[in-house]
Amino acid sequence: MPVFVVHEHHAKRLHFDLRLEMEGVLKSWAVPKGPSMNPADKRLAIMVDDHDLDYAGFEGIIPEGMYGAGDVMIWDSGTYELKSGDIKTGKLEVDFKGRKLKGIFALARMSGKEKEWLLIKKNDQFADRDFILKTVKTF
Ligand code: MN
């Protein structure tokens, strides 16, 4: 099964990068608020550059002066199953088998937009209406 990772990225602004193994690369979205297990949350997910597959295991520090400088940690990882759709049509349904991300999510490109998608938890047994995202890094 293909892998996914969610990087917690402490760049100038904290955000989360969702990466899905697809077509031999990691398709990637920057999610400013991070994923949510609450179906009521619609999380903006901005498509960013593909990354190499081996980046799925990356944790470390991007040095000062480089793009995205700051700590990168793995917030969650695991495998996923593509239930329907593809990138081209701008609508995917993905079944995550992670430690934090579980069950079905929709990823849908916003109409008229090129890079802006929404990441939304579907109502299933893993949905959590009290979900509060906790960062890996403690302050
Ligand atoms: Mn990032």
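This is a short tour of a predicted model, one selection at a time.

**Stop 1: the manganese ion**

Start by selecting the manganese ion. Which protein atoms act as its donors? Show H9, H15 and D17 as sticks, and you'll have them: ND1 of H9, NE2 of H15 and OD of D17 sit 2.1 to 2.2 Å from the metal. If you scroll along the sequence, you can pick out the spacing of these donors, which reads H-x5-H-x1-D.

Now switch on the surface and look for the two histidines. Are they buried or exposed? Both H9 and H15 are buried.

**Stop 2: the largest pocket**

Stay where you are, because H9, H15 and D17 come up again here. The largest pocket holds about 360 Å³ of space. It is lined by 14 residues, and those closest to its centre are H9, H15, D17, Y67 and G68. So add Y67 and G68 to your selection, and you have the metal donors and the middle of the pocket in one view.

Which elements give two or more residues to this lining? Colour strands β2 (14-22) and β4 to see them.

How do people find a space like this in the first place? Rolling a probe the size of a water molecule over the atoms shows where empty space is left.

**Stop 3: from H9 to T135**

Keep H9 selected and add T135. You'll find T135 in the segment after β9 (116-121). T135 is partly exposed, with a relative accessible area of 25%. Try the distance tool on the two C-alpha atoms: H9 and T135 are 10.0 Å apart in space, although their positions lie 126 residues apart in sequence.

**Stop 4: K27 and its two partners**

Time for some charged side chains. Side chains of opposite charge can pair when their charged atoms come close. A search of the whole structure turns up 12 salt bridges, and K27 takes part in two of the pairs on this tour.

Select K27 and E23. Their closest N and O atoms are 3.7 Å apart, and the pair forms a salt bridge. Which of the two is buried, and which is exposed? K27 is buried because its relative accessible area is 12%, under the 20% cut-off. E23, at 63%, counts as exposed because that is over 50%.

Next, add D50. K27 and D50 also meet in a salt bridge, with 3.2 Å from N to O. Turn on the cartoon here: K27 belongs to strand β3 (residues 25-31) and D50 to strand β4 (residues 42-51), so this pair ties together parts 23 residues apart in sequence. D50 itself is partly exposed, at 41% relative accessible area.

Before leaving, click on E23 once more. It's in the loop between β2 and β3. What is special about its phi angle? Phi of E23 is near 55°, which is a positive value in a residue other than glycine.

**Stop 5: a network of charges**

Now select E81, K83, D95 and K97. These four are linked in a network of salt bridges. Zoom in on one of the links: E81 pairs with K83, and their closest N and O atoms are 3.5 Å apart. Both of these residues are partly exposed, E81 at 31% relative accessibility and K83 at 43%.

E81 lies in strand β6. For a sense of scale, draw a line from E81 to F58: their C-alpha atoms are 22 Å apart, with the two positions 23 residues apart along the chain.

**Stop 6: another residue of β6**

Move along strand β6 (residues 70-86) to I74. I74 is buried, and its relative accessible area is 18%. Add I61 to the view: it is 13 residues away from I74 along the chain, and the two C-alpha atoms are 12 Å apart.

**Stop 7: a nonpolar patch**

For the last selection, pick L44, I46 and V48 and show them as a surface. What kind of surface patch do they make? It is nonpolar and covers about 180 Å². Click on L44, one of the three, and you're back in strand β4. L44 counts as partly exposed, at 31% relative accessibility.

Technical notes
Residues are numbered from 1 along each chain as its sequence is written. This is a predicted model: local features need pLDDT of at least 70, side-chain atom pairs count only at pLDDT 80 or more; totals for chains, interfaces and linings use all residues. Side-chain values use heavy atoms; hydrogens and water are left out. A salt bridge is a side-chain nitrogen of Lys or Arg within 4 Å of a carboxyl oxygen of Asp or Glu. Buried means under 20% relative accessible area, exposed over 50%, partly exposed in between (1.4 Å probe, protein chains only). Helices (H or I, at least four residues) and strands (E, at least two) are DSSP runs, numbered from the N terminus. Patches are made of residues with over 30% relative accessible area and no salt bridge: like charges are joined within 9 Å, nonpolar side chains (Val, Leu, Ile, Met, Phe, Trp, Tyr) within 5 Å. Accessible areas come from the Shrake-Rupley method with a 1.4 Å probe; for residues, only the protein chains shown count as cover. Donors are N, O and S atoms within 2.8 Å of the metal (3.2 Å for Na, K and Ca); water is not among the atoms, so sites may look incomplete. On a 1 Å grid over the protein atoms alone, a cavity is a set of points where a 1.4 Å probe fits but cannot get out, and a pocket is an open set with protein on both sides within 12 Å along at least five of seven lines; lining residues have an atom within 4 Å of a point. Grid points are joined across faces, edges and corners, and a volume is the space filled by probe spheres set on the points.
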